[in-house]
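Visitor: I would like to go through this model term by term. Please show it, and I will ask what stands behind each label.

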Amino acid sequence: MVAGLTAHPELGRPDYSLALAQHAAYVAALEDCGLEVAIYPADEDYPDSCFIEDVAVCTGKFALVTRPGAPTRRGETAGIEAILGRHYGDIVVISAPGSLEGGDVMMVGDCFYIGLSSRTNAEGARQFIAALERRGYRGITVALPPTLHLKTGLSWLGKDGREGPLLVTEAFAREPLFSALPKILVDEDEAYAANSLRVNDAVLLPAGYPKTAAALRAAAKTGGFRVLEVDTSEFRKLDGGLSCLSLRF
Ligand code: CIR
């Protein structure tokens, strides 16, 4: 993973041992939230393959195998269909010239928001929306401010399609599509914390973002969740966050 893509080389090269320890703590946090976690072996040919969220989207009714927009990541999908086949009978695969990465997909109940980014193009989104609509879901594309993925800038903290706040940076909060959702704003200097993760009764938040942690703890009192901080500093150096490291279903 130390050779993964990054738009922030100034953050330095990841410390591999520390990354492994952080990954183990992340798995433990997911288990603490009541999840059963399956861990797949590293694919040494693809340093970004630890960011497994980008190669698939798991819905309640079907799974999608994506076609990553980053050329160096395209081969990561090779093994994913067999893995998804253990859990899903219905699998859709994005085909060329479409591209889509799971980091651009945010699920809010039966509606999937799809960011159009340098990794996800209109054709990839069109194929995904067609698959969603055939199964009774909705898909909506979102134009993005300059960023890697949609979920780089926001996370929906609701559960089971029920109302919940959007944890969001100022730049993403201006998007009219999200005007009806209650929001918890993330300060620009803590923007990385916008990629947090609601799992059952908990919100996982990257460690080291005190203003966002305080805002979430305040929201937790009425929001019906607890806040768990998980350190992902080494994955941040590769532009990866909490959601990127797993597929949840
Ligand atoms: C990449 O640039 O593709 C990886 N280094 C980081 C991917 C992060 N994935 C995500 O936000 N879903």
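Visitor: How do the residues of the lining of the second largest pocket divide into nonpolar, polar and charged?

Guide: They divide into 15 nonpolar, 12 polar and seven charged. Ala, Val, Leu, Ile, Met, Phe, Trp, Tyr, Cys and Pro count as nonpolar, Asp, Glu, Lys and Arg as charged, and the others, Gly among them, as polar. This is a predicted model, where local features need pLDDT of at least 70 and side-chain atom pairs count only at pLDDT 80 or more, while totals for chains, interfaces and linings use all residues. Residues are numbered from 1 along each chain as its sequence is written, and side-chain values use heavy atoms, with hydrogens and water left out.

Visitor: What makes a residue part of the lining of the second largest pocket?

Guide: A lining residue has an atom within 4 Å of a pocket point; on a 1 Å grid over the protein atoms alone, a pocket is an open set of points where a 1.4 Å probe fits, with protein on both sides within 12 Å along at least five of seven lines. Of the 34 residues that line this pocket, Cys58, Met107, Arg198, Arg248 and Phe249 are the closest to its centre. At least two lining residues come from each of β1 (56-58), β4 (105-108), β7 (154-156) and β10.

Visitor: What volume does the largest pocket have, and which element gives the largest share of its lining?

Guide: The largest pocket holds about 1,200 Å³. Of its 39 lining residues, Ala38, Ile39, Tyr40, Ser49 and Ile52 are the closest to its centre. The largest share of the lining, seven residues, comes from α1.

Visitor: Why is Gly223 called partly exposed?

Guide: The relative accessible area of Gly223 is 36%. Buried means under 20% and exposed over 50%, with partly exposed in between (1.4 Å probe, protein chains only), so the label follows. Gly223 is in helix α6 (residues 210-223), a helix being a DSSP run of H or I with at least four residues and a strand one of E with at least two.

Visitor: What makes a nonpolar core, and which members of the largest one touch the most others?

Guide: A nonpolar core is a set of buried Ala, Val, Leu, Ile, Met, Phe, Trp, Tyr and Cys residues joined through side-chain atoms within 4.5 Å. The largest has 18 residues, and Tyr26, Cys33, Phe51, Leu204, Val230 and Phe235 touch the most other members. Four residues, the largest share, come from α1.

How values were computed. Points joined across faces, edges and corners; volume = space filled by probe spheres on them.
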